[in-house]
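Morning, everyone. Please have the sequence and the structure open while I talk.

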Amino acid sequence: VRINPNPVDMSEYSGSASAGLTLGLHTLPGFDGAAVINVPIVDNTLGVRGVAYRTRDGGVLDLRDRGLRPNQVDTAGGRAALRFDAGGWDIEVSGLMQDTNAENSQYAEAGPVQMRVAGLAQPFSNSLQVGRIVAEHEWDAGLTLSSSTSLVGRQSFDAFDATSPTGAPTVYSITRSALFFTQEVRLLKQWRNGGSWVIGASYLRARDAQVRSLGIPDEPVELDEVTNITY
């Protein structure tokens with residue numbers, strides 16, 4: 001999946017904002033809001049763009065979780081980018097962050113009304129950070145050199161109610177963390193008749209770690225820890 005965010009416009013001011021409210025049967029209210037601003041600092045030479053947003057999914061209202069908080073899900077994030085022209089090189093430096101948190105899980109048991117019988121909350125969270133530098137230079141002869149460097153971090157936590165029908169309250173949890181570094185360089189040649197060729201190279205290093213725990217709430221015992229590194 002390739003996602004290209006809107007680039008910084010170094011010649012035009014722009015901005016927008018949006019907000020929404022969601023209501024539904026057997027759910028708590030939800031909302032969303034977002035704002036975007038683009039500012040050219042030096043015309044056609046330097047500009048910045050910023051995006052911020054927050055959403056709340058109201059979740060299922062009737063959980064029957066013995067007084068536990070309903071499963072609202074909050075997501076907040078933002079992106080900032082700086083773009084500039086450095087002697088014919090088009091360079092953009094950007095960063096992105098997003099956090100998702102819920103104090104209870106989203107699933108419900110089958111039935112005419114969305115509900116769930118559970119003794120323990122099943123929270124989850126996910127955090128993402130992305131840093132990126134993209135540089136591109138195009139010559140009059142139709143030759144283009146581009147470079148993309150990125151660093152991505154991700155952390156997540158999931159807890160599940162593992163209590164047996166006759167046993168003491170038991171929680172099973174998974175904590176994950178990952179760090180990815182990628183570098184890609186491409187050289188592209190385009191001819192006026194529509195033909196082209198491209199040559200490139202890439203490098204990837206990924207570190208993925210996982211810790212699983214099982215036991216009484218607030219004091220689970222670590223079961224195992226696995227770390228994978230890929231080049």
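E184 is partly exposed, at 34% relative accessibility. Remember that this is a predicted model. E184 has a charged partner, R186, and their side chains meet in a salt bridge. The N to O distance there is 3.0 Å. R186 is also partly exposed, with a relative accessible area of 32%.

Why can such side chains pair at all? Opposite charges can do this when the charged atoms come close.

How many salt bridges does a search of the whole structure find? Eight. Let me take two others.

Start with D74 and R56. Their closest N and O atoms are 2.7 Å apart. D74 sits in strand β4, residues 73–86, and R56 sits in strand β3, residues 46–57, so this salt bridge ties together parts that are 18 residues apart in sequence.

Is D74 buried or exposed? Buried, with a relative accessible area of 18%. The cut-off for buried is under 20%, so D74 at 18% qualifies. R56 has a relative accessible area of 22%, which makes R56 partly exposed. The pair belongs to a network, too. R54, R56 and D74 are linked by salt bridges.

Now D158 and R176. Their side chains form a salt bridge at 3.6 Å, N to O. This pair links distant parts of the chain, 18 residues apart. D158 is in strand β7, residues 143–161. R176 is in strand β8, residues 171–190. Both ends are partly exposed: D158 has a relative accessible area of 22%, and R176 comes in at 29%.

D158 has a second role to point out. D158 in β7 is the bridge partner of F124. That brings in strand β6, residues 124–138, which pairs with β7 in the antiparallel sense. Count 15 bridges between β6 and β7.

On to the sheet itself. 10 strands form an open sheet, and the pairing is antiparallel. What is the order of the strands? Read it straight through: β1-β2-β3-β4-β5-β6-β7-β8-β9-β10. Which strands stand at the edges? β1, residues 14–22, and β10. Each has a single partner strand, so one side of each is left without a neighbour in the sheet. The twist averages 5° from one strand to the next.

Something to keep in mind while you rotate the view. In a regular strand, side chains alternate between the two faces of the sheet.

Let's finish at the β10 end. Strand β9, residues 196–216, is joined to β10 by 11 bridges. β9 and β10 run antiparallel. The hairpin of β9 and β10 has two residues between the strands. D218, in that hairpin, takes a positive phi near 75°.

Find I229 in strand β10, residues 219–230. What stands opposite I229? R207 does. I229 is partly exposed, with a relative accessible area of 43%. For a nonpolar patch, a residue needs over 30% relative accessible area, so I229 at 43% clears that bar.

Which residues make up the patch around I229? L151, L179, F181, Y203, I229 and Y231. Together they form a nonpolar patch on the surface, with about 610 Å² of accessible area.

That's my tour. Over to you.

Terms used: Residues are numbered from 1 along each chain as its sequence is written. This is a predicted model: local features need pLDDT of at least 70, side-chain atom pairs count only at pLDDT 80 or more; totals for chains, interfaces and linings use all residues. Side-chain values use heavy atoms; hydrogens and water are left out. Patches are made of residues with over 30% relative accessible area and no salt bridge: like charges are joined within 9 Å, nonpolar side chains (Val, Leu, Ile, Met, Phe, Trp, Tyr) within 5 Å. Accessible areas come from the Shrake-Rupley method with a 1.4 Å probe; for residues, only the protein chains shown count as cover. A salt bridge is a side-chain nitrogen of Lys or Arg within 4 Å of a carboxyl oxygen of Asp or Glu. Helices (H or I, at least four residues) and strands (E, at least two) are DSSP runs, numbered from the N terminus. Buried means under 20% relative accessible area, exposed over 50%, partly exposed in between (1.4 Å probe, protein chains only). Two strands pair if DSSP finds at least two bridges between them. Axes are lines fitted to C-alpha atoms, for helices over the stretch in contact, and angles run from 0 to 180 degrees between N-to-C directions.
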